[in-house]
Amino acid sequence: MRKNIVAGNWKMNMTYQDGLALVSEITNMVADETLAANVEVVLAPPAPFLHSIGKLLVAGGPIHLGAQNCHQKESGAYTGEVSAKQLHSVGVEYVILGHSERRQYFREDDELLSQKLKAVLAAGLKPIFCIGESLETREADETFEYLAAQLQNGLFHLSNEEFAQVVVAYEPIWAIGTGKTATSQQAQEVHAFIREQIARAYDAEAALNTTILYGGSANAQNARELFSQPDVDGGLIGGASLKSRDFTEIIKSF
Ligand code: PEP
């Protein structure tokens, strides 16, 4: 059966010192509060902090380490880049791929993302693969065909075994960092659609077992309502993951 996950994407925020303080607050709060047994927490800090933050996390505990990106090649002359194998060597378990900011600002397309997915899986890591429509696409009533194409071109080339490692994140671009959240009905409608697409591309069991996260201005106030939807299995959290109290409230929203 699928897991519930709350993942915090810090993006390019926080100094190392701020990051360590935040992690220690989160770990204390998560230890203090009774966490639902079926929730996994992922922290995705900036790459330079991964190793030290990983060391603060208890092995086998509820908090896991995630990276925000990786290069598609295993190693070589790619100045400034970080490989999936290197991430694995410092204790990373999850890698966010296909975030709309990377698609937009770094021109990451389906072809490149397919290569990155393969690299992440080959290194034994789990991708959190993001898809989501723009406001223009939603207003043109083309959301479902747009998302179907993103899934088809970006993700469904994976084998059954590979796909079993994937977490999908639905992140409507119009809701990211804007304070505009999708309503729980809008999120549920899309998540159910994604699950249906997975069932068609793979099978019903794969669809049932896939964790599908919602991302886009999720916060301590709206998380409970979003997570109560049958096909919403948690959240990919940006802004609210930078405040320990808010993030912990979200974790407790199951
Ligand atoms: C994100 O960037 O993945 C995200 C969901 O950001 P925010 O929560 O700030 O909208």
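Helix H5 tucks six residues away from the surroundings: Leu113, Lys116, Leu117, Ala119, Val120 and Leu121 are its buried residues. In this predicted model, the cover over those buried residues includes pieces from several parts of the chain, among them helix H3 (84-89), helix H7 (143-154) and helix H8 (160-163). Strands take part too, with strand S4 (94-97) and strand S5 (126-131) included in the cover. The helix itself can be checked with a bit of arithmetic: H5 has 13 residues (110-122), so at 1.5 Å a residue it should span 18 Å, and its end C-alpha atoms do turn out to be 18 Å apart. After H5 comes Gly124, which has a positive phi, near 80°.

How far can the model be trusted? The protein has a mean pLDDT of 95, with 98% of its residues at 70 or more. For the complex, the predictor gives an ipTM of 0.97 and a pTM of 0.97. As a rule, predicted coordinates should not be read in detail where pLDDT is low.

Next comes the ligand, which is surrounded by 13 residues. The closest of these are Ile176, Gly177, Gly215, Gly238 and Gly239. Sorted by class, the shell has 7 polar residues, 5 nonpolar ones and 1 charged one.

The UniProt record, an unreviewed entry, has a "binding site" annotation that covers Asn9, Trp10, Lys11, Gly177, Ser217, Gly238 and Gly239. These positions are spread over 231 residues of sequence, yet they cluster in space, with a largest C-alpha distance of 14.1 Å. Two of the annotated residues, Lys11 and Gly238, are in contact with each other. Lys11 is found in the loop between strand S1 (4-9) and helix H1 (16-32), while Gly238 lies in the loop between strand S8 (234-237) and helix H12 (244-251).

Are Lys11 and Gly238 buried or exposed? Lys11 has 18 other C-beta atoms within 10 Å, so it counts as partly exposed. Gly238 has 21 C-beta neighbours inside 10 Å, and 20 or more is what it takes to be buried, so Gly238 counts as buried. Leaving aside neighbours within four places in sequence, Lys11 also contacts Gln68. On the same basis, Gly238 touches Asn9, Ile176 and Gly177 as well as Lys11.

The loop that holds Lys11 has some backbone quirks. Lys11 has a positive phi of about 55° although it is not a glycine. Met14, also not a glycine, has a positive phi near 85°. Met14 is in the loop between S1 and H1, and it is partly exposed because it has 17 other C-beta atoms within 10 Å.

The UniProt record also carries an "active site" annotation, again from an unreviewed entry, covering His99 and Glu171. This pair is spread over 73 residues of sequence but clusters in space, with a largest C-alpha distance of 8.2 Å. Both residues sit in loops: His99 is between S4 and helix H4 (100-105), and Glu171 is between strand S6 (167-170) and helix H9 (184-201). His99 counts as buried because it has 27 C-beta neighbours inside 10 Å. Glu171 is buried too, with 25 such neighbours. Not counting residues up to four places away in sequence, Glu171 touches Ser100, Cys130, Gly132, Ile176, Gly215, Gly216 and Leu236. Two of those contacts, Ile176 and Gly215, are also listed among the closest residues to the ligand.

Definitions and conventions
Residues are numbered from 1 along each chain as its sequence is written. This is a predicted model: local features need pLDDT of at least 70, side-chain atom pairs count only at pLDDT 80 or more; totals for chains, interfaces and linings use all residues. A residue is near a molecule or strand if its C-beta atom, placed from the backbone, lies within 6 Å of it. Ala, Val, Leu, Ile, Met, Phe, Trp, Tyr, Cys and Pro count as nonpolar, Asp, Glu, Lys and Arg as charged, and the others, Gly among them, as polar. pLDDT is the predictor's confidence in each residue, from 0 to 100. Helices (H or I, at least four residues) and strands (E, at least two) are DSSP runs, numbered from the N terminus. The expected span of a helix is 1.5 Å times one less than its number of residues. A residue is buried if 20 or more other C-beta atoms lie within 10 Å of its own, exposed if 12 or fewer, and partly exposed in between; C-beta atoms are placed from the backbone. Two residues are in contact if their C-beta atoms, placed from the backbone, lie within 7 Å. UniProt positions are given in the numbering used here, feature names are shortened, and annotations may be inferred rather than shown by experiment.
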